[in-house]
Amino acid sequence: MMRRFLILFLFSACILESPCCLWAKDAVMGISVDKKVVEVGDAIQLSLSFDNGQKVPALDLPAINSFKSQYLGPSTMMSIINGQVSSSITHRYLLVAVKTGTFKVGPLAISYKGIDYKSEAIEIQVVSRGQLSKSSPGNSVQPQAQAQTEEELKERIFLAISVPDTRVYLNERVPVTVKLYVNQLEVRDIQYPEILGTGFMQDGFVNPRQSRQYRDNVSGILYDIIEFNTYAYFTRDGEIALGPAKLKCNLLIRESQRRRGRGIDDLFSHDFFDDSFFSDMFGRSRIYPLDLTSAQLAINVSSLPEDGRPQQFSGAIGSFKMQVEAEPRELKAGDPITLTFKIAGDGNFDSVNCPRLDSEEGFKAYQPQARTEDGVKIFEQVIMPESEKITEIPKIKFAYFNPQIEKYILIEEGPFPIRVAAQAEDKSVVLDASQIKQILPQKTQVLGRDIIYIKEEAGAWQKKGDFLHLRTGFLIFQLLPLSFLFISLAVGKRRERLSADVHYARKLRAPKIARAGLARAKRYLKNNKTKEFYDVIFKTLQEYLGHRFSRASAGITAQVVDELIESKNLDAQTADKLKNCFLNCDTARYAVSQDSMQTMQKTLAQLEEIIDNLERRKRK
Amino acid sequence: MKTNIKLTVYFLICSAIYIGLSAVCFAETQTVFVLDDFSRANRFYKEGQFEKAKDAYEAILDGGFESGPLYYNLANSYYKLGGLGRAILNYERAEFFMPQDRDLKFNIEFCRSLVQDGIVPRQTLIANLLDKLSSKVSFNRITFMSAALYCLLCILSGVYFLSRRRLQFLKPAIFLSLIFFITAILTLSPKIYQNHLRREAVIIVPEAACRFAPSDTSTTYFKIYEGAKVDIVAEDAGWARIRTADSKIGWVKGEVLQRVYTAFFKS
């Protein structure tokens, strides 16, 4: 997945970053102006467009005779049509006419990243001041001026009809395109075009919102174009006139600008898709109905060739593929098999008839049912094998004429093996009238048995043989809760014993108390505090022995030590040290003396030895 | 008391994290990118090219991936090609992944009904109950559920033992998790038995002779037909000692049968 993503990313990066490398062959420079006739002192807009060349910089216009130029700025456009990305940049310049006459702009050229862009030349006519305004429809209209305006209007909005090839075959599906060209006019209420003529049939037009709307340069003028697409089918051979196409629409005319009276450009000088909501609301515009008519097209229609025409050909013309399904394949003689033929492709589906079995011998065939869905014509035909000896459905053949390669094509599918079992013999049964009544209203259904169809969803994939219980990690993971349980059990048991058995709890506490006391004693020894030292030694000894032997700590003194030694059967060495330790403590605590550091160290060492001995004894 | 409740909550959170981690680490599904191959195989099937469809499904299996629908579709392709034994074999394998699938149940029953001399094994009431229980969930899922319940049981019991005053409200929870855990184990055990110990296999040739001894010259005891499900009792030099559903035991050549699930077996 990561690898795919990386490839996609690099590919996209290449497309976005290096357009000239990829599209070098297609790079062209288009040149257009917003009007070709202009008065002295007025400006026209010159556009230089670079298809698939978003980063091409603005070129410095060479000095153009009779015009002063100024760079207005770039505009970029990116479009995605059927997944194909295209981009373009248009550099706009303002040209102000300074002299009357007819002048040429271009050809212009620029070289960018090793690619040479060249444009064609366009001609611009500059007339003297006031010459154009005379022809304004707002003024008292002169016939000549009006004719000039209408002629100019024809150049600004017109209709064209086209087909890919004027040489076609009878019944061939021919794509027909009607294009509406508009140059800087505001057009409203565009109706579907109508194609006039006889000798052909046509489909309905594709919704123009779903069809292409784009801009194109025609003879140096930039037009907004709407394409209307349909298909035509020619029903007789010979030369047939297609069209003219007619289209009705409304032009929006600005009243305020009309009053200024600056010719047709001022009348309609708005962008094609301008929103004139406020203008309409305040009554500053009016509607001008327009009937547009295209030229005619002469189509040369040929009948289908006789040579190589297969026997199975029944009029289908186009390019098709056939898919055949037969279900069920295991059945009893006399049971139905449904044959489903799916004819998909590009062509005249009205001319497609149901394919035929190579031989219908041994079968009873019924009339096929047809329906068309999204570019596929589906026929369903029921056939019945008449005996159990039938082992296959014969080949199914379908022939069509492909106008592209001008040949007949024969497609074959099958044969399809089938298993036909013998029909169980009918036994005669005598029924009374009531039984017949019960039986008659019920519709008989032929029920076959077969497996249920495949699954479309793949479900959850897993590595083959990768089962949870076979994974070592999973098994190790299972030890964690068990360990927790055992630890909890041990801790709980110990806690229970500590709370229930006081002797045990005191015994466990004894070494802790001893350790704490010894630490304090060491601190006092270090600071040479004799009295505090012996107090701590005595108290530690008392508490340790009290906890260790389950006696009241306060009651343990030098006097009761003998009894303790005897009852607990302590060894002589430990007993001596114990007695000595108590004696040293008593002496130091009750007699005013200042023991040397050495004596104190000795006492501390004795206490440590006593505790150590007693702890070792406990473990034994 | 407050400390005890805090302790319980703490450990329950820990157990939830543990179960979550287990789910993440050992989730039964893996995202794999064999969907294109699967769709291609389906397309072949739809076009009636069952041989190609079968090859395409098997190529996915050879690539090391498997799923319930893959085995199901492969079984359908085999059925269409007339391989009843291999069809049943692959339906059995599919059942391991999607035991509750109705289409699968229908197809497997339908194919079993086509087996010549098909013998339906008798089951005790308890075995039948356990079988029904285990057929509700897939193997990995029930393994995971058992592990999760075991974890919950351990943690709840641990918290119970750790608490100073033995939190009484934990007792019913421990009892319930114990019951569920036992149920999960009971559900799991038939599957383990079926696949680890019983070693099921399906006859994949139209007819096979079952002999008294693992030898070609040995007397034929009985005949067994394509699609019959048997248990492998032992194996010896390319021969398998099998037990049929009606408890007859005999020797067949190893190539006449195929194990339902070989991934469990190291042999």
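# Notebook: confidence, patches and backbone in a two-chain model

I began with chain B, whose mean pLDDT is 81, with 80% of its residues at 70 or more. The model is predicted, and I kept that in mind for each entry below. Within chain B, I looked up the two extremes among the elements: helix α1 (residues 2-25) has the lowest mean pLDDT, 65, while helix α4 (residues 68-80) has the highest, 94. I then noted residues 26-32 of chain B, where pLDDT is below 50; the model gives this stretch 20 contacts beyond near neighbours in sequence.

**Chain A, confidence.** I read a mean pLDDT of 76 for chain A, with 79% of its residues reaching 70 or more. Among the elements of chain A, I found the lowest mean pLDDT, 39, in helix α2 (residues 19-23), and the highest, 90, in strand β10 (residues 157-162). I marked two stretches of chain A where pLDDT stays under 50. Over residues 256-283 of chain A the model has 65 contacts beyond four places in sequence. Over residues 439-444 of chain A it has one such contact.

**Whole model.** I copied down the scores: ipTM is 0.73 and pTM is 0.40.

**Surface, charge.** I looked for charge on the surface and found a positive patch formed by Arg494(A), Arg509(A), Lys512(A) and Arg515(A). Which helix gives the largest share of the positive patch? I traced three residues of the patch to helix α10 (residues 502-526) of chain A, the largest share. I placed Lys512(A) in that helix, α10 of chain A.

**Surface, nonpolar.** I also found a nonpolar surface patch of about 390 Å², made by Ile476(A), Leu479(A), Leu482(A) and Phe486(A). Helix α9 (residues 479-500) of chain A gives the most to the nonpolar patch, with three residues. I located Phe486(A) in helix α9 of chain A.

**Backbone, cis peptides.** I checked the peptide bond from Gly243(A) to Pro244(A) and noted that it is cis, with omega near 5°. I put Pro244(A) in the loop between β18 (238-242) and β19 (245-254) of chain A. I recorded the bond from Glu327(A) to Pro328(A) as cis too, with omega near -10°. Pro328(A) lies in the loop between β22 (313-327) and β23 (330-332) of chain A.

**Backbone, phi.** I noted Glu406(A), a residue other than glycine with a positive phi, near 55°. Where is Glu406(A) found? I found Glu406(A) in the loop between β30 (396-402) and β31 (407-413) of chain A.

**Salt bridges.** I took the count over all chains, which comes to 26 salt bridges. I looked up one pair in detail: the side chains of Lys342(A) and Glu325(A) meet in a salt bridge, at 4.0 Å from N to O. Lys342(A) belongs to strand β24 (residues 337-348) of chain A and Glu325(A) to strand β22 of chain A, so the pair ties together parts 17 residues apart in sequence. As a general remark, I wrote that side chains of opposite charge can pair when their charged atoms come close.

Conventions: Residues numbered from 1 in each chain as written. Chains lettered and ligands numbered in written order. Heavy atoms only, no water. pLDDT = per-residue confidence, 0-100. Helix = DSSP H or I, 4+ residues; strand = E, 2+ residues; numbered from the N terminus. Contact = heavy atoms within 4.5 Å. Patch = residues over 30% accessible without salt bridge, like charges linked within 9 Å, V, L, I, M, F, W, Y side chains within 5 Å. Areas by Shrake-Rupley, 256 points an atom, 1.4 Å probe, with all protein chains shown as cover. Lys, Arg positive; Asp, Glu negative; His and termini not counted. Charge placed at Lys NZ, Arg CZ, Asp CG, Glu CD.
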